[in-house]
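Visitor: I'm new to this one, so could you walk me through it?
Guide: Happy to. Have a look, and ask away.

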Amino acid sequence: MSVKVDPNLMKDLEHFGLKDAKKCFHCGNCTAVCPLSTPENPFPRRFMKYVQMGLTDRVLNSPEPWLCYYCGDCSTKCPRGAEPGEAMMVMRRWLTSKYDWTGFSRRFYTSESFEIIAVTVVAILVGLALVLFRASNPNMEHAFLNSVWPAPAIEIADLIMAFILTFFLLSNTYRCFRFVMGDLAFKVPLEIYARQAKELIVNFITQRKFGECTDRMQWVVHLLIMTGYSTAFLLVAVFLAGGIHVIGLSWEWLMFQRDIVGDYPIWHPWRLLGYYATAALLYGTTYAIIGRIKKSKAPYKNSHGTDWMFLILLELTTLTGILIHFTRLLDWPMPTYVLYVVHLMVAVPMLVLEVPFAKWAHLAFRPVVLYLMKVKEAYAKTTEQLG
Ligand code: SF4
Ligand code: SF4
């Protein structure tokens, strides 16, 4: 089989944050210490080689970049400072941009000014829409959000946004599937895909492979952010959008800002789950921000612009949501309405730009790739038995 060499691969990856991969002299320490590397899927050394040799197709079709959770063990042990853990992270950014057929992800990852402009433009549009479409006579005696932005209007906007996000995320995930499965994509019987489906769910919920890394705190933080976000999203999109008087996509609507919040006692499951999501996001995000400021461990040493943008938007969304909770409890109408506008001006860009095109997309790609690897394994076993 001929191997195509792309002399520009290293340069291209540098646009996504690659810095030190050239320094690698292939001692293999990184692969030896990586708790997730296996004889069938050895990494990260092999990928340092692919990058140095310009083997674009190999990187594009490999699942391994998604098997790495960036615990940083390999970077700590590398005698050359080649930062193999960071290289794997860069490959995930690059792959995300390759899965994205619109080209938006590439722009987002490779240009900080484009990233800032995109977030600012979406934030301004959201702010303008909320100001322009507010009710002419809002309740200024009590903090009553429905009096400013009627629930049905918010619901329709939510549904449109959810539909667009789902479309982009699914179409990009389909491309991820095609790259990873290659020719096998439609050869594997559906029955095998169905039989392995539990892998997808288990990996999505538990991120259990990360738990095998030595720094288990990183796994906990990852899990908190992931479950906090997913809980909030599911509560709104699944449980409530089904008709229990949902009045917004943002979780603070659900947990704290629902004008019918008083209907639910403090121990109601919706409220408890909402409080869990907030606490998990606040702790996980603050921990990651402090770690990146202090560069306290290997995964926090090299921060890309998109890492900061992701954490800042998430932290601001959570903090403004908590503040709204208090202004509502205190029944302060104006601060509640202003904070609500600010809250959506950070929450919506995070959802619209990060879910299909950047960091949140990893939430879909990683479990999908882990699942596809199990599918491939099961298929190989079946063909072995038949042969
Ligand atoms: S990245 Fe570092 S540890 Fe890994 S093979 Fe290269 S030089 Fe060795
Ligand atoms: S960062 Fe951790 S999981 Fe990723 S390749 Fe290095 S040692 Fe393995």
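Visitor: Is E83 buried or exposed?
Guide: Keep in mind that this is a predicted model. E83 is found in the loop between α6 and α7. A residue counts as buried if 20 or more other C-beta atoms lie within 10 Å of its own. E83 has 26 such neighbours inside 10 Å, so E83 is buried.

Visitor: What is the phi of E83?
Guide: Most residues other than glycine have a negative phi. E83 goes the other way: its phi is positive although E83 is not a glycine, and the value is near 50°.

Visitor: Where is K295, and is K295 buried or exposed?
Guide: Look in the loop between α15 and α16 (298-301) for K295. Its phi is a positive value too, near 50°, in a residue other than glycine. For burial, the cut-off for exposed is 12 or fewer other C-beta atoms within 10 Å. K295 has 12, so K295 is exposed.

Visitor: Which two residues does a cis peptide bond join?
Guide: Most peptide bonds are trans. Here, look at the loop between α2 and α3, where P44 lies. Omega is about 5° at the cis bond, and the residues joined are F43 and P44.

Visitor: Which residues of helix α3 are buried?
Guide: Helix α3 covers residues 45-53, and just after α3, G54 takes a positive phi of about 75°. Among the elements covering the buried residues of α3 are α1 (9-15), α2 (29-33), α4, α5 (64-67) and α7. The buried residues themselves are R45, F47, M48, Y50 and V51.

Visitor: How is the protein chain divided, and how many Å separate the centres of the domains?
Guide: The chain has domain 1 (9-99) and domain 2 (104-383). Taking the centres over C-alpha atoms, the separation between domain 1 and domain 2 is 27 Å.

Visitor: Which element gives the most to the side of domain 1 that touches domain 2?
Guide: In this contact, 25 residues of domain 1 meet 30 residues of domain 2. On the domain 1 side, the elements giving two or more residues are α4 (56-61), α6 (73-77) and α7 (84-99). By class, that side divides into ten nonpolar, nine polar and six charged residues. The element that gives the most, with seven residues, is α7.

Visitor: Are α15 and α17 parallel, antiparallel, perpendicular or oblique to each other?
Guide: The axes of α15 (residues 269-294) and α17 (residues 305-329) come within 10 Å and cross at roughly 140°. Angles over 145 degrees would count as roughly antiparallel, and 65 to 115 as roughly perpendicular. The crossing angle fits neither, so α15 is to α17 oblique.

Visitor: What is the handedness of that crossing, and which residues of α17 meet α15?
Guide: The crossing of α15 and α17 is left-handed. From α15 come T278, L281, L282, T285, T286, A288, I289 and R292. The contact has seven nonpolar, five polar and three charged residues. On the α17 side, the residues are D307, L311, L314, E315, T318, G321 and I322.

Visitor: How many Å apart in space are Y229 and R216?
Guide: Y229 lies in helix α13 (residues 216-240). Y229 is buried, because 23 other C-beta atoms lie within 10 Å. In sequence, Y229 and R216 are 13 residues apart, and in space, C-alpha to C-alpha, the distance is 20 Å.

Notes
Residues are numbered from 1 along each chain as its sequence is written. Chains are lettered from A and ligands numbered from 1 in the order in which they are written. This is a predicted model: local features need pLDDT of at least 70, side-chain atom pairs count only at pLDDT 80 or more; totals for chains, interfaces and linings use all residues. Axes are lines fitted to C-alpha atoms, for helices over the stretch in contact, and angles run from 0 to 180 degrees between N-to-C directions. Helices (H or I, at least four residues) and strands (E, at least two) are DSSP runs, numbered from the N terminus. Angles under 35 degrees count as roughly parallel, over 145 as roughly antiparallel, 65 to 115 as roughly perpendicular and the rest as oblique. A crossing is left-handed if the near helix is turned anticlockwise from the far one by less than a right angle, and right-handed if clockwise. Two residues are in contact if their C-beta atoms, placed from the backbone, lie within 7 Å. Ala, Val, Leu, Ile, Met, Phe, Trp, Tyr, Cys and Pro count as nonpolar, Asp, Glu, Lys and Arg as charged, and the others, Gly among them, as polar. Domain bounds come from an automatic or database domain assignment.
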